[in-house]
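I am opening a notebook on this structure and will write down what I look up, entry by entry. The sequence and the model come first, and my notes follow.

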Amino acid sequence: MTDVNGLSIAILGGTGDQGKGLARRFALAGHPVLIGSRSAQRAQEAADSIGAGATGDENAAVAARADIVIVAVPYEGHKALLESLRGELAGKIVVDCVNPLGFDKQGAYALPVEEGSAAQQAAAVLPDSRVVAAFHHVSAVLLMDPAVDKVDLDVLVLGDDREATDLVRALAEAIPGVRGVYGGRLRNAHQIEALTANIISVNRRYKAHAGLRITDI
């Protein structure tokens, strides 16, 4: 497995539940974690709540400083944010975990994306970055729960750059209990993002925090 020890991780949208949960787990695993937000103050407050050496700053600042950047912003602001950070993200591995979802009285449903998926949108906006799709189905509640020592799930990792997907798979395994599994090319990210709507339905029906496990590998 690829060595990821010591790599710094920036999380754009790190003040939201998913971003903060990932930040917490990576910080506990010993990675330098930089939480990004539109507000440096809000980012630092989120970092202080996590502890474990995490720091916070504006999105552009953390994107420029980190080795790897995880995008965990709401889908509505996804494209505009990445367009504004094209320079800072050039040459970096960018991990997109954004789920384009809508909600109505019947529950969650997948939204259409012109490029095919949020990850493909990121790749189109960031031609000089190495875009990988991962961490779509990880429960923020479990990531933030100090009573949960191990998170029982596989993280599907998709991308067109083998070195980048191997690195992100190894990064996923820095979270105790998690296994990183290659899930195909970036063109297959749509169904991974859309599947989140099904998992939300499972969680609501069974009052759970469900994850996925891939068998026979």
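Entry 1, the pocket. I began with the lining of the largest pocket and found that α1, β2, β6 (101–104), α7 (140–144) and α9 (189–206) each give at least two residues to it. The model is a predicted one, and I keep that in mind for every entry here. Which element supplies the largest share of this lining? I looked it up, and α9 does, with 4 residues. The volume of the largest pocket comes to about 930 Å³, and among the 36 residues that line the pocket, those closest to its centre are Gln-18, Ala-72, Val-73, Pro-74 and Asn-99. Sorting the lining by class, I noted 16 nonpolar, 16 polar and 4 charged residues.

Entry 2, the annotated span. I turned to the UniProt record, an unreviewed entry, which places the feature "domain: Pyrroline-5-carboxylate reductase catalytic N-terminal" at residues 9–100. In the model, I found this span to be 45% helix and 23% strand, with the C-alpha atoms at its two ends 23 Å apart.

Entry 3, the nonpolar cores. In soluble globular proteins, nonpolar side chains tend to be buried together, and I wanted to see how that looks here. I found that the largest nonpolar core holds 38 residues, and that Leu-22, Phe-26, Ile-70 and Phe-135 have the most contacts inside it. The elements that give this core two or more residues include β1 (9–12), α1 (17–28), β4 (68–71) and β9 (153–159), while its largest share, 6 residues, comes from α8. I then followed Ile-70 outward and, leaving aside neighbours within four places in sequence, listed its contacts as Ile-9, Ala-10, Ile-11, Leu-12, Leu-22, Phe-26, Val-95, Cys-97 and Phe-135. There is also a second, separate core of 30 residues, and Ala-10, Leu-12, Val-69 and Ala-133 are among its members.

Entry 4, two positive phi angles. I noticed that Phe-135, although not a glycine, has a positive phi of about 65 degrees, and that Phe-135 sits in the loop between β8 (130–133) and α7. Is Phe-135 buried or exposed? Its relative accessibility is 1%, which is under the 20% cut-off, so I count Phe-135 as buried. Asp-216 is likewise not a glycine and has a positive phi of about 70 degrees, and I located Asp-216 in the segment after α9. Asp-216 counts as exposed, because its relative accessibility of 80% is over the 50% cut-off.

Entry 5, Ser-37. I found Ser-37 in strand β2, and at 5% relative accessibility Ser-37 counts as buried. What does Ser-37 touch, not counting residues up to four places away in sequence? I wrote down Thr-15, Arg-42, Ala-43, Asp-57, Glu-58 and Asn-59.

Entry 6, Val-4. My last stop was Val-4, which lies in the segment before β1 and counts as buried at 6% relative accessibility. I checked Val-4 against Ala-170, and although the two are 166 residues apart along the chain, their C-alpha atoms are separated by 6.7 Å. Setting aside neighbours within four places in sequence, I recorded that Val-4 is in contact with His-31, Leu-167, Ala-170 and Leu-171.

Conventions: Residues are numbered from 1 along each chain as its sequence is written. Side-chain values use heavy atoms; hydrogens and water are left out. UniProt positions are given in the numbering used here, feature names are shortened, and annotations may be inferred rather than shown by experiment. A nonpolar core is a set of buried Ala, Val, Leu, Ile, Met, Phe, Trp, Tyr and Cys residues joined through side-chain atoms within 4.5 Å. Buried means under 20% relative accessible area, exposed over 50%, partly exposed in between (1.4 Å probe, protein chains only). Contact means heavy atoms within 4.5 Å. On a 1 Å grid over the protein atoms alone, a cavity is a set of points where a 1.4 Å probe fits but cannot get out, and a pocket is an open set with protein on both sides within 12 Å along at least five of seven lines; lining residues have an atom within 4 Å of a point. Grid points are joined across faces, edges and corners, and a volume is the space filled by probe spheres set on the points. Ala, Val, Leu, Ile, Met, Phe, Trp, Tyr, Cys and Pro count as nonpolar, Asp, Glu, Lys and Arg as charged, and the others, Gly among them, as polar.
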